[in-house]
Amino acid sequence: MSRSAEAIEAGTGNRGSRNSETVHLEVAPESLEQKTIDCSAEKKKSLRARYFYGIIFLITNLIAWFFRDYGQKVLPQLHYLKACGTGEDDCFDTIGVLRVSLGCFIFFFLMFLSTCTTTKLYEVGNNWHSGWWTTKVFLLIVAIAVPFFFPSDYLLLYGELARVGAGIFLLLQLVSVIEFIAWWNKYWMPDKYMKKSCSLGLFMSTVFYVASIVGIVLMYYLYAPKMACALNIFFITWTAILLVVMMVISLHPLVNRGLLSSGIMASYIVFLCWSAIRSEPAEQKCINTQRQANGSHDWTAMLGFLIAIGAIVTATFSTGIDSQSFQFRKDEIQTEDDTPYKYGFFHLVFSLGAMYFAMLFISWNLIPNYAKEWSIDVGWASTWVKIINEWFAASIYLWKLISPVVRQPKVMPHQEPMAIELQRDDSSLP
């Protein structure tokens, strides 16, 4: 009887343990589902946060423009602050832009320092990046206000550093654009596995090349009306040569990249050339006569200025979220609880973008500043920055085309049997 009782108790215990295991197995999927829901909600919250930072960046751009064009008229009392100097306009124009830019830089650089190590959605840095907006708005106001109490000499030192930061920003933007072109080319080109047709890719290639050729012809007509415009003729002609070189190399049998990527890149460098020529001072004789040399701001100038501001914000935003183009390892596995983008890189790009918009507003010149109302990125310094950016973009793209061919190991004829033998040995391995 005692043994049977023990057996009954043991069976009851086993059933109890099995029931507990069953309950555990039933609870586990629910907790896993709850974790999935939390990750999904946190990702949506993080993706929405990007647009709030973009709005903050846009507002600081508008504040910097306000201080450059209208600060001295609307806020004359700032003229008497000790940090602004007496009898000068140090608080406005160039120095005013640099003060706002420095405040924006401080804000985003602090965000970079506080989120650069955040990789998971459950970490504290994720909550700080995606929330606490009242605290961050207060931090932004303080960051913009503090530089107005700095002496002007410190602002000029920051301006020198901002030139370097703006150059780094242009380089990051260039890499992002080239990676996007490569992705677009891969997406539109034919794929035998996905059964894609080459007709759409060929059509898009034709559109981009036609647009590039038309752009070159229009630039010759509008900005090089006579042989005295030697510099503009050189810019446009060299752009046309780069266009032809990229097309020939991309069609070379050893490269064989097709026409789509080179067509997109050709349109991009034509746009950079046009933008550089448009940045030349208005009083130059080779600029289109429709441009008014007196600097009056009609509705077209205002519209162009607003479009330029939108382009600055868009370029900064698109580069900031494109952290994958700057990963050293492209085969990293993305898990469910990983952040949707790199927060540290995102804020670092925006801090460099603060330096970049400062250089555009003051036309890359610290003292004196020749920028007029409703103008942006005008002057010889701006022209040469864009031309160098164009040449650098073409050089990087050409290197990406030929680097696989240059780095390809050469196999000598007498080495082929050895390679075949090694292959056989490897295939025999379990």
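This passage walks through the fold, the charged pairs, the aromatic contacts and a few individual positions of the structure shown above.

The model is predicted, so local features are taken at pLDDT of at least 70 and side-chain atom pairs at pLDDT 80 or more, while totals for chains, interfaces and linings use all residues. Residues are numbered from 1 along each chain as its sequence is written, and side-chain values rest on heavy atoms, with hydrogens and water left out.

The protein chain holds 13 helices and 0 strands; helices (H or I, at least four residues) and strands (E, at least two) are DSSP runs, numbered from the N terminus. The pattern read along the sequence is accordingly α-α-α-α-α-α-α-α-α-α-α-α-α. Of the 430 residues, 40% count as buried, where buried means under 20% relative accessible area, exposed over 50%, and partly exposed in between (1.4 Å probe, protein chains only). The accessible surface of the chain comes to about 24,800 Å², and 67% of this belongs to carbon and sulfur atoms. Such areas come from the Shrake-Rupley method with a 1.4 Å probe, and for residues only the protein chains shown count as cover. Contacts, meaning heavy atoms within 4.5 Å, often span the sequence: among those between residues at least 6 apart, 78% join residues at least 24 apart.

Salt bridges come next. The whole structure contains 2 of them, a salt bridge being a side-chain nitrogen of Lys or Arg within 4 Å of a carboxyl oxygen of Asp or Glu. One joins E160 to R163, with the closest N and O atoms 3.6 Å apart. Because these residues are 3 apart in helix α6 (residues 152-188), about one helical turn separates E160 from R163. E160 is partly exposed at 40% relative accessibility, and R163 is partly exposed at 30%. The other salt bridge is formed by E179 and K400, whose closest N and O atoms lie 3.5 Å apart. Here E179 belongs to helix α6 and K400 to helix α12 (residues 380-407), so the pair ties together parts that are 221 residues apart in sequence. E179 is partly exposed, with a relative accessible area of 26%, and K400 is partly exposed, with 33%.

Aromatic contacts offer plenty to look at. The search of the whole structure finds 24 aromatic pairs. Rings of Phe, Tyr and Trp (its six-membered ring) pair if their centres lie within 6.5 Å, with planes under 30 degrees apart counted as stacked, over 60 as edge-to-face and the rest as tilted. The rings of F52 and W133 are tilted, because their planes meet at 45 degrees, with centres 5.2 Å apart. This pair links distant parts of the chain, as F52 lies in helix α1 (residues 2-69) and W133 in helix α5 (residues 133-145), 81 residues apart. F52 is partly exposed at 43% relative accessibility, and W133 is partly exposed at 23%. The rings of Y341 and Y343 have centres 5.2 Å apart and planes at 70 degrees, so this pair is edge-to-face. Y341 is buried at 4% relative accessibility, and Y343 is buried at 0%. These four residues belong to one aromatic cluster, whose members also include Y53, F57, F107, F108 and F346.

A lysine accompanies the tryptophans. K136 lies over the face of W133, at 3.8 Å from the ring centre, and its charged end also sits over the ring of W128, 5.5 Å from the centre. For this, NZ of Lys or CZ of Arg must be within 6 Å of the ring centre and within 35 degrees of the ring normal.

A few further positions complete the picture. T115, found in helix α3 (residues 93-115), is buried with a relative accessible area of 0%. Leaving aside residues up to four places away in sequence, T115 touches G125, W128, H129, Y343, G344 and H347. S318, in helix α10 (residues 299-320), is partly exposed at 33%. The C-alpha atoms of S318 and Q173 are separated by 8.5 Å, although the two residues are 145 apart along the chain.

On the surface, F234, W238, I241 and V245 form a nonpolar patch with about 330 Å² of accessible area together. Patches are made of residues with over 30% relative accessible area and no salt bridge, with like charges joined within 9 Å and nonpolar side chains (Val, Leu, Ile, Met, Phe, Trp, Tyr) within 5 Å. Within this patch, V245 has its place in helix α8 (residues 230-251) and is partly exposed at 31% relative accessibility.
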